[in-house]
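Visitor: Please take one part of this protein and examine it closely, explaining how the residues there are placed and what surrounds them. I am in my first year, so I would welcome a connected account.

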Amino acid sequence: MITRILPPEEWSKLGETLLKDAPNLLNSESDIVLVVEKEGEIVGCTSFLPRWHMEGLWVSPNHRKMVSVGRPLLRGIYQVAEALKAKELVMMTFDPEMATLCSRLGRSWVHLDGDHYSIGL
């Protein structure tokens with residue numbers, strides 16, 4: 001078994017894995033794909049994505065759908081993201097109204113399925 005970082009020019013080898021869309025979704029300048037290979041076949045993989053995780057987005061129920069709160073909050077989100085040089089933000093929400101807001105935040109968005117874990121090292 002060999003464990004190695006798979007260079008972006010080899011990401012097309014991920015075709016049978018959960019990372020099969022890596023060539024289209026991952027950033028070849030910052031993201032890392034780690035694979036385990038057996039006799040040249042990928043038998044395990046994962047990816048490392050440096051992303052800012054935005055958590056706790058909330059607006060008081062009495063002030064939702066009010067420009068006086070939403071607009072400055074969004075403006076602040078963009079200012080902080082720009083200061084961080086973030087190209088993407090990741091967040092999760094259980095509130096359908098906040099999910100709608102999330103879908104309007106950026107130039108594009110992707111709904112991520114599945115469970116989320118915070119793993120302490």
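**A tryptophan, a helix and a sheet**

Guide: Leaving aside the neighbours within four places in sequence, W58 is in contact with R64, L73 and M98. Please bear in mind that this is a predicted model. W58 itself is found in the loop that lies between β4, residues 52-53, and helix α2. Is this tryptophan buried or exposed? Its relative accessible area is 55%, and the cut-off for exposed is over 50%, so W58 is classed as exposed. W58 can also be placed relative to E97: 39 residues separate the two in sequence, while their C-alpha atoms are 9.8 Å apart in space.

One of the contacts of W58, R64, leads us to a pocket. R64 is among the residues nearest the centre of the second largest pocket, together with K65, M66, L101 and R104. In total, 14 residues line this pocket, and the space within the second largest pocket is about 340 Å³. Two elements each give two or more residues to its lining, namely α2, residues 67-83, and α3, residues 96-102.

Let us stay with helix α2 and consider two of its residues. I77 has its place in this helix. With a relative accessible area of 13%, and with buried meaning under 20%, I77 counts as buried. Which residues does I77 touch, once neighbours within four places in sequence are left aside? They are M54, L57, L89 and L105. The C-alpha atom of I77 is separated by 16 Å from that of T93, although the two residues are 16 apart along the chain.

The second residue is A81, which also lies in helix α2. A81 has a relative accessible area of 11%, and it is therefore buried as well. Leaving aside neighbours within four places in sequence, A81 is in contact with A86 and L89. L89 also appears among the contacts of I77. Between the C-alpha atoms of A81 and W52 there are 8.4 Å, while 29 residues separate the two along the chain.

We may now turn to the sheet. Strands of a sheet pair through backbone hydrogen bonds, in either a parallel or an antiparallel manner. In this model, an open sheet of 3 strands is arranged in the order β1-β2-β3, with antiparallel pairing. The strands β1, residues 2-6, and β3, residues 41-48, stand at the edges with a single partner strand each, so one side of each has no neighbour in the sheet. From one strand to the next, the twist averages 25°.

How many bridges join each pair of strands? Between β1 and β2 there are 5, in the antiparallel sense, and between β2 and β3 there are 7, also antiparallel. Individual partners can be named on both sides of β2. Towards β1, T3 stands opposite V36, and I2 has E37 as its bridge partner. Towards β3, V35 is partnered by C45, and E37 stands opposite I42. The hairpin of β2 and β3 has 2 residues between its strands, and there E39 adopts a positive phi near 50°.

The two faces of β2 may also be told apart. V33, V35 and E37 form the covered face, whereas I32, L34, V36 and K38 form the uncovered one.

E37 merits a closer look, as it has already appeared in several of these descriptions. It is located in strand β2, which spans residues 32-38. Why does E37 count as buried? Its relative accessibility is 9%, and the limit for buried is under 20%. Not counting residues up to four places away in sequence, E37 touches M1, I2, R4, I42 and V43. Two of these have been met as strand partners: I2 is the bridge partner of E37 on one side, and I42 stands opposite E37 in β3 on the other. A third, R4, makes a polar contact with E37, in which the two side chains are joined at 2.8 Å. Thus E37 is a buried residue that belongs to the covered face of β2 and whose side chain is in polar contact with that of R4.

Methods
Residues are numbered from 1 along each chain as its sequence is written. This is a predicted model: local features need pLDDT of at least 70, side-chain atom pairs count only at pLDDT 80 or more; totals for chains, interfaces and linings use all residues. Side-chain values use heavy atoms; hydrogens and water are left out. Helices (H or I, at least four residues) and strands (E, at least two) are DSSP runs, numbered from the N terminus. Buried means under 20% relative accessible area, exposed over 50%, partly exposed in between (1.4 Å probe, protein chains only). A polar contact is a pair of N or O atoms within 3.5 Å; within protein, one must be able to donate a hydrogen and the other to accept it, and residues adjacent in sequence count only if both atoms are side-chain atoms. Contact means heavy atoms within 4.5 Å. Two strands pair if DSSP finds at least two bridges between them. Axes are lines fitted to C-alpha atoms, for helices over the stretch in contact, and angles run from 0 to 180 degrees between N-to-C directions. On a 1 Å grid over the protein atoms alone, a cavity is a set of points where a 1.4 Å probe fits but cannot get out, and a pocket is an open set with protein on both sides within 12 Å along at least five of seven lines; lining residues have an atom within 4 Å of a point. Grid points are joined across faces, edges and corners, and a volume is the space filled by probe spheres set on the points.
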